[in-house]
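The questions below ask why certain terms are applied to a protein structure. Each answer sets a value against a definition and then draws a conclusion.

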Amino acid sequence: MKVLLICPSSFNFMPYIDSYNESLKDKNVHYLIWDRFNMQTDMENSLIFRQKKVGHKRGIIDHLLFTFFCLKQKLIKKK
(Lines give C-alpha, C1' and ligand atoms only; values in the text may rest on other atoms or scores of the structure.)
Protein backbone atom coordinates (compact mmCIF):
# COMPACT_ATOMS: atom_id res chain seq x y z
CA MET A 1 0.00 0.00 0.00
CA LYS A 2 1.23 3.50 -0.84
CA VAL A 3 0.71 6.35 1.61
CA LEU A 4 1.09 10.06 0.88
CA LEU A 5 1.46 12.48 3.78
CA ILE A 6 0.94 16.14 2.90
CA CYS A 7 2.86 18.15 5.49
CA PRO A 8 1.99 21.86 5.88
CA SER A 9 5.32 22.67 7.54
CA SER A 10 8.76 21.25 8.34
CA PHE A 11 9.02 18.16 10.53
CA ASN A 12 10.43 20.32 13.34
CA PHE A 13 7.02 21.98 13.68
CA MET A 14 5.04 18.74 13.43
CA PRO A 15 5.97 16.55 16.40
CA TYR A 16 2.95 14.30 15.79
CA ILE A 17 4.44 13.10 12.49
CA ASP A 18 6.64 10.64 14.39
CA SER A 19 3.50 8.77 15.49
CA TYR A 20 2.47 8.32 11.88
CA ASN A 21 5.98 7.30 10.83
CA GLU A 22 6.06 4.61 13.53
CA SER A 23 2.70 3.13 12.55
CA LEU A 24 3.45 3.32 8.81
CA LYS A 25 6.97 1.91 9.05
CA ASP A 26 6.35 -1.05 6.74
CA LYS A 27 4.33 0.93 4.16
CA ASN A 28 5.55 2.81 1.12
CA VAL A 29 5.32 6.36 2.55
CA HIS A 30 5.85 9.48 0.44
CA TYR A 31 5.87 13.06 1.70
CA LEU A 32 4.85 16.40 0.19
CA ILE A 33 6.38 18.99 2.51
CA TRP A 34 5.84 22.76 2.62
CA ASP A 35 9.17 23.97 3.96
CA ARG A 36 8.16 27.38 5.29
CA PHE A 37 11.49 28.08 7.02
CA ASN A 38 13.84 26.59 4.38
CA MET A 39 15.30 24.25 6.98
CA GLN A 40 13.94 20.84 5.96
CA THR A 41 16.66 18.49 4.77
CA ASP A 42 16.00 16.43 1.67
CA MET A 43 14.98 12.88 2.45
CA GLU A 44 14.05 9.78 0.55
CA ASN A 45 10.53 9.68 -0.93
CA SER A 46 9.87 13.37 -0.33
CA LEU A 47 9.07 16.36 -2.47
CA ILE A 48 9.67 19.71 -0.83
CA PHE A 49 7.89 22.96 -1.73
CA ARG A 50 10.02 26.01 -0.96
CA GLN A 51 9.51 29.72 -1.47
CA LYS A 52 11.71 32.76 -0.84
CA LYS A 53 9.50 33.82 2.09
CA VAL A 54 10.37 32.58 5.57
CA GLY A 55 7.89 32.09 8.43
CA HIS A 56 4.51 30.58 9.17
CA LYS A 57 2.39 33.57 8.17
CA ARG A 58 1.22 33.13 4.58
CA GLY A 59 -1.59 34.48 2.44
CA ILE A 60 -4.16 32.82 0.24
CA ILE A 61 -1.87 32.98 -2.81
CA ASP A 62 0.81 30.98 -0.98
CA HIS A 63 -1.74 28.34 0.01
CA LEU A 64 -2.97 28.11 -3.57
CA LEU A 65 0.61 27.70 -4.83
CA PHE A 66 1.14 24.83 -2.39
CA THR A 67 -2.17 23.27 -3.44
CA PHE A 68 -1.19 23.46 -7.12
CA PHE A 69 2.22 21.99 -6.27
CA CYS A 70 0.54 19.04 -4.53
CA LEU A 71 -1.92 18.48 -7.36
CA LYS A 72 0.82 18.71 -9.98
CA GLN A 73 2.98 16.17 -8.14
CA LYS A 74 0.02 13.82 -7.71
CA LEU A 75 -0.83 14.02 -11.42
CA ILE A 76 2.78 13.44 -12.45
CA LYS A 77 3.00 10.35 -10.21
CA LYS A 78 -0.20 8.96 -11.72
CA LYS A 79 1.17 8.95 -15.28
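The questions and answers that follow concern this structure, which is a predicted model.

Q: Why is Ser 10 called buried?
A: Buried means under 20% relative accessible area. Ser 10 has a relative accessible area of 0%, and it is therefore called buried. Ser 10 is found in the loop between β1 and α1. Leaving aside neighbours within four places in sequence, Ser 10 is in contact with Ile 33, Trp 34, Asp 35, Arg 36, Met 39 and Gln 40.

Q: Why does Gln 51 count as buried?
A: The relative accessibility of Gln 51 is 16%. The limit is under 20%, so Gln 51 counts as buried. Gln 51 belongs to the loop between β3 and α2 (60–78). With neighbours within four places in sequence left aside, Gln 51 is in contact with Trp 34, Asn 38, Arg 58, Asp 62 and Leu 65.

Q: What makes the link between Asp 35 and Arg 50 a salt bridge?
A: The rule asks for a side-chain nitrogen of Lys or Arg within 4 Å of a carboxyl oxygen of Asp or Glu. The side chains of Asp 35 and Arg 50 meet at 3.0 Å, N to O, and the pair therefore satisfies the rule. This salt bridge links distant parts of the chain: Asp 35 is in strand β2 and Arg 50 in strand β3 (residues 46–50), 15 residues apart.

Q: How are Asp 35 and Arg 50 classed, as buried, partly exposed or exposed?
A: Asp 35 has a relative accessible area of 0% and is buried. Arg 50, at 39% relative accessibility, counts as partly exposed, because that class lies between the limits of 20% and 50%.

Q: What makes Asp 35, Asp 42 and Arg 50 one network?
A: Asp 42 also forms a salt bridge with Arg 50, the closest N and O atoms being 3.7 Å apart. Asp 42 has a relative accessible area of 63%, and because exposed means over 50%, Asp 42 is exposed. Salt bridges that share partners join Asp 35, Asp 42 and Arg 50 into one network.

Q: How do you know that Lys 27 and Asp 26 form a salt bridge?
A: The side chains of Lys 27 and Asp 26 meet at 3.7 Å, N to O. The limit is 4 Å, so the pair qualifies as a salt bridge. Lys 27 counts as partly exposed, at 31% relative accessibility, whereas Asp 26 is exposed, at 62%. By this rule the count of salt bridges comes to four.

Q: Why are β1 and β2 said to pair?
A: Two strands pair if at least two bridges are found between them. Six bridges join β1 to β2, and the two strands therefore pair. They run parallel. Among the partners, Leu 5 is matched with Tyr 31 in β2, and Val 3 stands opposite Val 29 in β2.

Q: Why are β1 and β3 described as standing at the edges?
A: Three strands form an open sheet in the order β1-β2-β3, with parallel pairing. β1 and β3 each have a single partner strand, so one side of each is left without a neighbour in the sheet. The twist averages 10° from one strand to the next.

Q: What makes the side chains along β1 alternate?
A: Val 3, Leu 5 and Cys 7 point to one face and are buried. Lys 2, Leu 4 and Ile 6 point to the other face and are not buried.

Q: Which residues make up the largest nonpolar core?
A: This core has 11 residues in all: Val 3, Leu 5, Cys 7, Phe 11, Met 14, Ile 17, Leu 24, Val 29, Tyr 31, Ile 33 and Ile 48. The strands β1 (2–7) and β2 (28–35) each supply at least two residues of this core. Apart from it lies another core of six residues, among them Leu 32, Trp 34, Phe 49 and Phe 66.

Key: Residues numbered from 1 in each chain as written. Predicted model: local features only at pLDDT ≥ 70, side-chain atom pairs only at ≥ 80, totals over all residues. Heavy atoms only, no water. Core = buried A, V, L, I, M, F, W, Y, C linked by side-chain atoms within 4.5 Å. Buried < 20%, exposed > 50% of the residue type's maximum accessible area, 1.4 Å probe, protein only. Helix = DSSP H or I, 4+ residues; strand = E, 2+ residues; numbered from the N terminus. Axes fitted to C-alpha atoms, helices over the stretch in contact; angles between N-to-C directions. Contact = heavy atoms within 4.5 Å.
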